[in-house]
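Q: I should like to request a close look at one part of this model. Please begin with a single residue and then work outwards to its surroundings.
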Amino acid sequence: MSIRIKLLLSYTGMLVVSLLVVALTAGLFAITATGDVRSFRDFYKVHYQLNPLTEEEESIFLELKYLAKNEPDRLQERELLTEYDFKLRTVRAGLYVRRESNQVFESNTFNQPELEGYLPAYDLDNNQIRHTFNIGERFYAYAKFDFRFTDGAKGSVFVIRERSPFGEVVRKLLPVLVILLVAVIVAANALLYRWITRSVVKPLELLRGSAERIKEGNLQVSLDLRSKDEIGQLNETFENMRKRLHESVQLRLRDEESRKELVSNISHDLRTPITNIKGYIEGIRDGVADTPEKMDKYVNIIYSKANDLDRLVDELFLYSKLDLKQVSFQFEHADIVGFLDACLDELRFVMKEKGIDLEWDDRPESGIAVFADLEKLKRAVLNIIGNAQKFTDKADKTIRVSVRAAEDRVAVEIRDNGIGIPREDIPYIFDRFYRAERSRNSSTGGSGLGLAIARQIVEGHGGTIWASSEPGVGTSLFFTLKRATKEEGAADDDDKHSDH
Ligand SMILES: Nc1ncnc2c1ncn2[C@@H]1O[C@H](COP(=O)(O)OP(=O)(O)OP(=O)(O)O)[C@@H](O)[C@H]1O
Ligand SMILES: [Mg+2]
């Protein structure tokens with residue numbers, strides 16, 4: 001339920017309760033007023049003056065009035081009067097007849113000795129025939145008619161009714177009842193307040209607490225608010241914001257972490273060749289290389305270490321440029337089979353010298369068009385083949401290259417029969433500086449950047465790279481490239497034209 005509706009309901013509820021209470025209070029006062037609450041009584045008197053008697057009482061009164069006008073003397077007949085009084089008594093009223101200042105008849109329903117003194121004076125004009133009066137706590141309404149008996153004596157006939165004894169009870173209980181009603185208002189108010197606080201204020205407090213936590217940097221605690229109103233929506237947005245913040249902070253921390261790791265790896269990898277170079281130079285300076293052969297050897301070692309350094313710095317530079325996406329790829333329409341042919345031709349001689357058999361496995365008959373930056377792709381292929389020839393312990397060393405084409409992709413596999421990669425290392429070999437067996441690999445001089453660079457290049461082509469390996473048997477490195485469609489080729493040609 002929305003807050004708007006809640007507020008509307010609560011205010012309407014309060015209004016209805018208040019109206020009910022007002023109506024009830026008014027009712028109570030009305031009843032009480034017919035008893036003896038002076039301030040209110042006047043208002044009710046008007047009502048009773050106009051209409052002091054019930055319909056039955058009124059009709060009896062009219063009969064009596066008729067008698068008074070036409071046969072006034074009959075109003076002295078006790079028998080007749082008793083008869084009328086009896087009729088009135090059934091409707092809880094009584095008859096009173098007066099001649100001059102003497103009482104002719106008084107109903108014993110009243111049981112009120114002071115009644116006579118409170119009755120109004122004689123008024124032949126009959127200006128006010130209906131009125132009320134009270135004796136002590138008791139409240140009476142009456143209708144009267146003044147007339148003359150045939151002998152000229154003044155006569156009055158009264159139909160008197162004592163009003164509600166219930167009024168009396170209510171009047172006594174009035175304070176309690178009023179307190180009760182006030183209590184009802186207070187309770188209704190408290191309940192509505194609780195409802196609004198529970199559904200609006202409390203969640204807001206929770207949200208505030210959460211915002212406070214975020215301010216202090218605690219982004220982990222999630223709020224479990226299940227309301228569906230505006231606050232629920234606010235909470236949802238808030239939660240999304242918190243999650244995003246949390247993620248970005250995590251990412252930043254991870255970046256920070258990997259930056260530190262990168263710096264420490266770089267310094268470590270640079271230090272080794274530099275220490276070596278320093279060692280050999282010191283050897284020369286101290287005269288350890290005292291023969292031309294030794295000197296030659298030392299200088300050669302220094303030269304090769306400097307080469308290692310150079311290569312490492314190159315690789316690092318390339319990797320960081322690829323990582324920062326600062327390298328632009330020059331894609332062109334190319335034939336992957338032809339490209340691999342060229343790579344194999346280039347390497348075959350060196351490999352043969354090292355006793356490694358580098359060949360195609362099932363070379364496709366025709367070319368397969370791909371979209372690639374061949375220069376960078378060559379770098380990736382050389383890194384992979386370089387690993388294949390480096391991590392091997394077999395006498396018969398073989399490296400096999402194969403290509404499989406799917407509708408929109410081409411997969412290249414480079415398989416060796418080398419030492420393989422332990423299963424738990426496979427997921428990490430494409431991470432920078434990762435070497436499966438550090439101690440042994442350090443002798444091979446690798447920095448662990450080769451596959452990281454290959455991955456950046458393949459992913460830069462929109463492809464994927466992965467490995468499957470069986471320790472002791474061999475390793476297969478796969479990568480995919482997008483196949484070039486005719487349109488792309490055409491677009492590429494267009495680009496070339498537009499370049500010129
Ligand atoms: N063909 C393979 N056979 C066995 N292990 C491999 C092979 N290719 C990669 N690895 C493992 O994966 C690790 C990461 O390879 P990567 O090429 O990234 O680094 P590297 O060869 O050690 O160093 P670099 O290539 O920078 O000289 C290697 O150290 C090696 O442990
Ligand atoms: Mg390598």
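Does Lys 325 count as buried or exposed?

A: The model is a predicted one. Lys 325 counts as exposed, because its relative accessibility is 65% and exposed means over 50%. Lys 325 lies in the loop between α8 and β6, the latter spanning residues 332-335. Its backbone also deserves attention: phi of Lys 325 is near 55°, which is a positive value in a residue other than glycine.

A second residue with a positive phi offers a useful contrast. Asn 126, again not a glycine, has phi near 50°. Asn 126 belongs to the loop between α5 (115-118) and β3 (130-135). Asn 126 has a relative accessibility of 15% and therefore counts as buried, whereas Lys 325 is exposed.

We may now turn to helix α8 and its aromatic partner. A pair of aromatic rings is described by the distance of the centres and the angle of the planes. The structure holds nine aromatic pairs. In one of them, the ring centres of Tyr 280 and Tyr 298 are 5.1 Å apart and the planes stand at 80°, so the pair is classed as edge-to-face. The limit for that class is an angle over 60 degrees. This pair links distant parts of the chain, for Tyr 280 is in helix α7 (residues 230-285) and Tyr 298 is in helix α8 (residues 292-323), with their positions 18 residues apart in the numbering. Tyr 280 has 26% relative accessibility and so counts as partly exposed. Tyr 298, with a relative accessible area of 15%, is buried.

Another pair has a contrasting arrangement. Phe 329 and Phe 331 are stacked, with 5.6 Å from centre to centre and 10° between the planes. Phe 329 counts as partly exposed at 21% relative accessibility, and Phe 331 counts as partly exposed at 35%. Phe 329 also meets a charged residue: Lys 376 lies over the face of its ring, at 5.3 Å from the ring centre.

Lys 376 leads to helix α10 (residues 374-390), whose axis comes within 9 Å of that of helix α12 (residues 450-460); the two cross at roughly 145°. The crossing of α10 and α12 is left-handed. On the α10 side, the contact is made by Lys 376, Leu 377, Arg 379, Ala 380, Asn 383, Ile 384 and Asn 387, and on the α12 side by Gly 450, Leu 451, Ile 453, Ala 454 and Ile 457. These residues divide into seven nonpolar, three polar and two charged. Lys 376 thus takes part in the helix contact and lies over the ring of Phe 329.

Helix α12 also meets helix α8. The axes of α8 and α12 come within 10 Å and cross at roughly 35°, and this crossing is left-handed. Glu 315, Leu 318, Tyr 319, Leu 322 and Asp 323 of α8 make the contact with Ala 452, Ile 453, Gln 456 and Ile 457 of α12. By class, the contact has six nonpolar, one polar and two charged residues. Ile 453 and Ile 457 of α12 appear in the contact with α10 and in the contact with α8.

Elsewhere in the chain there are further ring arrangements. Ring pairs join Tyr 96, Phe 133, Tyr 140, Tyr 142 and Phe 158 into a cluster. Arg 99 lies over the face of Phe 149, at 5.0 Å from the ring centre.

Helix α1 (residues 3-33) contains Leu 28, and Tyr 11 is placed in α1 as well. Leu 28 counts as buried, at 13% relative accessibility, while Tyr 11 is exposed, with a relative accessible area of 59%. The C-alpha atoms of Leu 28 and Leu 174 are separated by 7.4 Å, although these residues are 146 apart along the chain. Tyr 11 and Leu 192 are 181 residues apart in sequence and 8.6 Å apart in space, C-alpha to C-alpha.

Finally, the whole chain provides the setting for these details. The protein chain has 13 helices and 12 strands, and buried residues make up 39% of its 500 residues. Among contacts between residues at least 6 apart in sequence, 64% join residues at least 24 apart.

Methods: Residues numbered from 1 in each chain as written. Chains lettered and ligands numbered in written order. Predicted model: local features only at pLDDT ≥ 70, side-chain atom pairs only at ≥ 80, totals over all residues. Heavy atoms only, no water. Phe/Tyr/Trp six-rings, centres within 6.5 Å; stacked < 30°, edge-to-face > 60°. Helix = DSSP H or I, 4+ residues; strand = E, 2+ residues; numbered from the N terminus. Buried < 20%, exposed > 50% of the residue type's maximum accessible area, 1.4 Å probe, protein only. Lys NZ or Arg CZ within 6 Å of the ring centre and 35° of its normal. Axes fitted to C-alpha atoms, helices over the stretch in contact; angles between N-to-C directions. Left-handed = near helix turned anticlockwise from the far one by under 90°. Contact = heavy atoms within 4.5 Å. Nonpolar A, V, L, I, M, F, W, Y, C, P; charged D, E, K, R; others polar.
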